[in-house]
Amino acid sequence: MKSFSVILPTLNEEGHITQLINEIVDCFNKENIVFEIIVVDDNSTDGTIGKIRKLKNNSSIDLSLFVRNEKKNLAKSINLGIKNSKYEYVIWM
């Protein structure tokens, strides 16, 4: 069975991140697919990090959070997610 690591690079996505994660969870659960979600945040200032931490603490989702304090860089965020992924198949959105 295939297992997936889903990487979500974020920056100030407070208004969207919970819905996005819930929709990803629903899609994978419907198909009984093993997955993890890795959020790599470029030091959001709008509450995104807090929302992700709350989701992580209040659910059974395999959810990891990495906060980058370096210069914002999408490629570096994706690469950090890939480096920390545990499954063979990697998706980034």
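This is a short tour of two helices and a group of aromatic rings in a predicted model.

**Stop 1: two helices.** Select residues 17-30, which form helix α1, and then residues 48-57, which form helix α2. Their axes come within 10 Å and cross at roughly 35 degrees. Now show the side chains where the helices touch. On the α1 side, pick Ile17, Thr18, Ile21 and Asn22; on the α2 side, pick Thr48, Lys51, Ile52 and Leu55. Try colouring them by class: this contact has four nonpolar, three polar and one charged residues.

**Stop 2: a pair of rings.** Next, select Phe4 and Tyr89, which form an aromatic pair. How is a pair like this described? A pair of aromatic rings is described by the distance of the centres and the angle of the planes. For Phe4 and Tyr89, the centres are 5.5 Å apart and the planes differ by 35 degrees, a tilted arrangement. Follow the chain from one ring to the other: Phe4 sits in strand β1 (residues 3-10) and Tyr89 in strand β4 (residues 89-92), 85 residues apart.

Is Phe4 buried or exposed? Phe4 counts as buried because its relative accessible area is 17%, under the 20% cut-off. Tyr89, at 31% relative accessibility, is partly exposed.

**Stop 3: the neighbours.** Keep Tyr89 on screen and add Lys2. You will find Lys2 over the face of the Tyr89 ring, 5.3 Å from the ring centre.

**Stop 4: the ring cluster.** Finally, add Phe28 and Phe35 to Phe4 and Tyr89: ring pairs link these four residues into a cluster. Across the whole structure, a search finds three aromatic pairs.

How values were computed:
Residues are numbered from 1 along each chain as its sequence is written. This is a predicted model: local features need pLDDT of at least 70, side-chain atom pairs count only at pLDDT 80 or more; totals for chains, interfaces and linings use all residues. Side-chain values use heavy atoms; hydrogens and water are left out. Axes are lines fitted to C-alpha atoms, for helices over the stretch in contact, and angles run from 0 to 180 degrees between N-to-C directions. Helices (H or I, at least four residues) and strands (E, at least two) are DSSP runs, numbered from the N terminus. Contact means heavy atoms within 4.5 Å. Ala, Val, Leu, Ile, Met, Phe, Trp, Tyr, Cys and Pro count as nonpolar, Asp, Glu, Lys and Arg as charged, and the others, Gly among them, as polar. Rings of Phe, Tyr and Trp (its six-membered ring) pair if their centres lie within 6.5 Å; planes under 30 degrees apart count as stacked, over 60 as edge-to-face and the rest as tilted. Buried means under 20% relative accessible area, exposed over 50%, partly exposed in between (1.4 Å probe, protein chains only). A charge sits over a ring if NZ of Lys or CZ of Arg is within 6 Å of the ring centre and within 35 degrees of the ring normal.
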